Each structure stands twice: as structure tokens, then as C-alpha cells.
Amino acid sequence: MATRVFLFALLLLCSPFFQVARCQFESEAEAADSTEGSGDLEIVNEDAQIYGDENFSPASGLHTVCVFPKNSAKLVPAGEEMELLIGIEYDGETSVNVIAIKGSVHLPFDHKLLVQNLTAQVFNNATVPPSAQATFPYIFAVSKYLQSGTFDLVGTIVYEIDQQPYQSTFYNGTIEVVEPSGVLSIETVFLVTLGIALVVALALWIRGQVQHLSKKSKRAPKVEVGTRSTDSSMDEWLQGTAYTQSLSSKSKKKK
């Protein structure tokens, strides 16, 4: 079973239906020889109510596989269109009439918490003969206001066999919602602004510390060592007194 799914996925990537699915065949005899049909798949872009959005069981013998073309990391920019390719194969003896493909986004820890219902993609002229393989594109976009993070994507294909409705889940796994390319989020702007403010505050603090240390070094007291000078006017006023005579005698003794 695992080998079959792997070969089915490889065929999906290498098939001529890689960009646009062709699912309408002229006859079942031609479908047995080739999977390339003659009619073009028509996609209705309006979001329609499919069977009142009821849930149906999957048909036995119908196999699905899903591929994210050129996006193995499953990164989904918020607000931008993304494409999935869904391959189906039916082992039964009747044709499969594909009605629509729809999806929903949930919180990863609890699927009961619905984040967003994605637009349903309705098809016309999408009949797959028995024992044939076909590829269908699904183009979707999550809300541009959805916060970046990990979410679960549930993709479902709705179809009819013998006018009986069925549905199969082709993908039930995680996706990584990221910021739109070329757009800065509010959180990014806030973090950048906060980083710049912290750098400026640190630079001002270092500058203040340097200035404080330089002021302390300038305030250090100076000790002057040298000969005390006397005022010349005082010398004239004391000239001829006993004080000047004692000073002159002391100087002579030193000599």
C-alpha cells in the first residue's frame, strides 16, 4: 500500500496534469489506454454550498494523494494564494464526478477550534472514468490577519459515484503560516524599534559614565610646593624695622 501511494505521488508530480487537470474523457475505452482527456476542467470561482455543507463518508476504492508543488516546507504566506495538487484514482467500475474541493484551518492542539473556513472550489465538467487517474488544483488563501505560526489544514474533496455523494480527506496535517513577502508586521516593527532604543540608551549611559569619571579627575586638589613670595609693598613698609634687620642677619648667617 505504501509503495502504491508513493508511485501515485510520483505520477502526480510527473503527469501532464501538473498545472491544469483534464478530467473529461470521450469514452471509457479511450480512458483505459490513456489518462489524457479531451475536455477542459472548469473551475467555478464562487463559494457555493456543497450539499448544504454536510459530511459524507469516503467511497471504497477511491485513493487520494496531495502535493504542495515547489513548497515542500508547506509555508503559507498570510493573505497570498497557494496551490495544492490533489490526485485521485478510483478502482471501481463507474465514473467519478468531482463536485468540489474545500478546506479549513484549525488549531493544532484541538481540531474542534476552527480558525478559518477556506473558500470552496467548485468544479464543472470534472468526470473521472474508472481505473483512471486525474489531478485537480486547489487554490486557497488564509486570512491576511492570521498570526504567523503552526496550524492544521484539513482538505476535503467532494464527489459523486452513481449519483451518491461521498467525500475523502486528501490532507490532514500542519502548515506554517508566515508573514507576507515584502511586508513588515507590527510585531517586527516593534521589535526593531525596541532594539534601536536599547542600543541608544546603552550608548548614552556609557557616555555619562565617561563624563562622570573625567569630572572627578579634574576636581582633585593641587599641592603647590615652592618658595613663599612676599608682597613688595609690605617689604617697603617694614623696611628699616627690627623685623627686616633680623631677616637680613639670618640670610647672612646662611651664607
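In this predicted model, Met82 has a relative accessibility of 16%, and because buried means under 20%, the residue counts as buried. Met82 belongs to strand S4, and the strand as a whole is mostly covered, since 8 of its 9 residues are buried. If neighbours within four places in sequence are left aside, Met82 is in contact with Asn71, Leu75, Val76, Pro77, Tyr138, Ile139 and Phe140. A further relation can be followed on the structure between Met82 and Pro69, which are 13 residues apart in sequence, while their C-alpha atoms are 9.5 Å apart in space.

From Met82 the path leads to Phe140, which touches Val76, Glu80, Glu81, Met82, Leu84, Leu118 and Leu153, again not counting residues up to four places away in sequence. Phe140 is also one of the residues with the most contacts inside the largest nonpolar core, a group that includes Leu84, Val98, Phe136, Val142, Leu153 and Phe170 as well. This core has 35 residues, and the elements that each give two or more residues to it are the strands S2 (62-67), S4 (82-90), S5 (96-107), S9, S10 (149-161) and S11 (164-178).

How are the strands around S4 arranged? Three of them form an open sheet in the order S2-S4-S9, and the pairing is antiparallel. In general, strands of a sheet pair through backbone hydrogen bonds, and they do so either parallel or antiparallel. Here S2 and S4 pair over 6 bridges in the antiparallel sense, and one place to look for this is His63, whose bridge partner in S4 is Glu89. On the other pairing, S4 and S9 are joined over 8 bridges, also in the antiparallel sense, and there Ile88 has Ala134 in S9 as its bridge partner.

Within this sheet, S2 and S9 stand at the edges, and because each has a single partner strand, one side of each is left without a neighbour in the sheet. Neighbouring strands of the sheet are turned against each other by 25° on average, with direction ignored.

The next topic is the aromatic rings, for which a search of the whole structure finds 4 aromatic pairs. One of these is formed by Phe123 and Phe136, whose ring centres are 5.5 Å apart and whose planes stand at 70°; because an angle over 60 degrees counts as edge-to-face, the pair is given that name. The two residues come from distant parts of the chain, with Phe123 in strand S7 (residues 121-124) and Phe136 in strand S9 (residues 133-140), 13 residues apart. Phe123 is buried, with a relative accessible area of 5%, and Phe136 is buried too, with a value of 0%.

Another pair brings together Tyr159 and Tyr166, with ring centres 6.0 Å apart and planes at 20°, so this pair is stacked, as planes under 30 degrees apart count as such. Tyr159 has a relative accessible area of 1% and is buried, whereas Tyr166 is partly exposed at 21%. In general, a pair of aromatic rings is described by the distance of the centres and the angle of the planes.

Strand S10 also holds Thr156, which counts as buried at 8% relative accessibility. Which residues surround Thr156, once its neighbours within four places in sequence are left aside? Thr156 is in contact with Ala100, Ile101, Lys102, Gln167, Ser168, Thr169 and Phe170, and Phe170 is among the residues with the most contacts inside the largest nonpolar core.

The last stop is at two loop residues and their backbone angles. Most residues other than glycine have a negative phi. Gln163, however, has a positive phi of about 65° although it is not a glycine, and this residue is placed in the loop between S10 and S11. At 72% relative accessibility Gln163 counts as exposed, because the limit for that word is over 50%. Lys74 likewise has a positive phi, of about 60°, without being a glycine, and the place to find Lys74 is the loop between S2 and strand S3 (75-77). With a relative accessibility of 27%, Lys74 counts as partly exposed, since this value falls between the limits of 20% for buried and 50% for exposed.

Conventions. Residues numbered from 1 in each chain as written. Predicted model: local features only at pLDDT ≥ 70, side-chain atom pairs only at ≥ 80, totals over all residues. Heavy atoms only, no water. Phe/Tyr/Trp six-rings, centres within 6.5 Å; stacked < 30°, edge-to-face > 60°. Helix = DSSP H or I, 4+ residues; strand = E, 2+ residues; numbered from the N terminus. Buried < 20%, exposed > 50% of the residue type's maximum accessible area, 1.4 Å probe, protein only. Core = buried A, V, L, I, M, F, W, Y, C linked by side-chain atoms within 4.5 Å. Contact = heavy atoms within 4.5 Å. Pairing = 2+ DSSP bridges. Axes fitted to C-alpha atoms, helices over the stretch in contact; angles between N-to-C directions.
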